Amino acid sequence: MLKIMDVHKSFGPTEVLKGVSINVEKGDVITILGPSGSGKTTLLRCINFLEQADRGTMEFDGERLQLNAVKKKDKIRLRKKTAFVFQNYNLFRNKTALENVMEGLIIGRKMPKAEAISIGTQALDKVGLQARYNAYPHELSGGQQQRVGIARAIATQPEVILFDEPTSALDPEWIGEVLSVMRTLAQEGMTMLIVTHEMTFARQVASRVLLMDEGVIVEENTPELFFGAPQKERTRQFLKTLQ
Ligand code: ADP
């Protein structure tokens, strides 16, 4: 469904992505692990065109593009196939939970308001926020705000959801409820690419686990083998640092 090949990205003299390739099939739940600064966020941002890659190819539903030369109208069109869940939720402070979810539907998808309300409330119901449609972000816990972020992503019916460390800004007490929503989405067959430090989640939910380090993918494996019998010395080292 989505293939990225040989993606390179530098910021000034620093090469952050040094030729990354990933093949995403429908229904895959791919977790991307790795130390801080290894390029994980930059990779997700390149896939969503929040950053422009310097080199590399993307194939999305059979359409092939050079990532350093994607036209603005193609970016807008292709961005609709993905949704991004940010570490810090990125909600509008002056909009309610429902208005936050509706915004992309009305502005991005030009959806009539009544339909956006219907889809927005369904998405909030799905993440367990049926009682909080009209709450503002400051009235919600971190976990609830991130669930609004996930509702906003699923409302647009993307082909892939890109999660950028969705639980790392949360107090420990709210992490479980966000992971639980993500687990349900995974079980329902949603295709997901997840940058995370939640090893138990990766082990239990991922169809594939990737380790990134210094701008390259060091190992790609099933969760069983990644955690149980890793192929690479770098993976063993990484897993040791977590113990
Ligand atoms: P990770 O998500 O694995 O922690 P990032 O992709 O966030 O890694 O960052 C990788 C490297 O790229 C870091 O050294 C970071 O400082 C640098 N970097 C990321 N975004 C920018 C930017 N917009 N400008 C300059 N450097 C950046």
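**Two pockets and their linings**

Modeller: Let's start with the second largest pocket: its lining has seven nonpolar, four polar and four charged residues. Bear in mind that this is a predicted model.

Biologist: Why is Lys126 counted as a lining residue of that pocket?

Modeller: A lining residue has an atom within 4 Å of a pocket point. Lys126 is one of the 15 residues that line the second largest pocket, so it has such an atom. Along with Ile154, Ala155, Gln157 and Met190, Lys126 lies nearest the centre.

Biologist: What makes H4 a helix?

Modeller: A helix needs a DSSP run of at least four residues. H4 runs over 113-126, so it qualifies. H4 also gives the most to this lining, with four residues, and H5 supplies at least two. The pocket's volume is about 270 Å³.

Biologist: And how much space lies in the largest pocket?

Modeller: About 700 Å³. Of its 21 lining residues, Arg79, Gly104, Arg109, Arg152 and Thr156 are the closest to its centre.

Biologist: Why does Gly104 count as polar there?

Modeller: Gly is put in the polar class, so Gly104, a lining residue, goes with the polar ones. That lining divides into eight nonpolar, eight polar and five charged residues.

Biologist: What makes E6 a strand?

Modeller: Strands are E runs of at least two residues. E6 covers 82-85, so it passes. E6, H2 (72-79), H3 (97-108) and H5 (142-155) each supply at least two residues of the largest pocket's lining, and H3 gives the most, with five.

Conventions. Residues are numbered from 1 along each chain as its sequence is written. This is a predicted model: local features need pLDDT of at least 70, side-chain atom pairs count only at pLDDT 80 or more; totals for chains, interfaces and linings use all residues. Side-chain values use heavy atoms; hydrogens and water are left out. On a 1 Å grid over the protein atoms alone, a cavity is a set of points where a 1.4 Å probe fits but cannot get out, and a pocket is an open set with protein on both sides within 12 Å along at least five of seven lines; lining residues have an atom within 4 Å of a point. Grid points are joined across faces, edges and corners, and a volume is the space filled by probe spheres set on the points.
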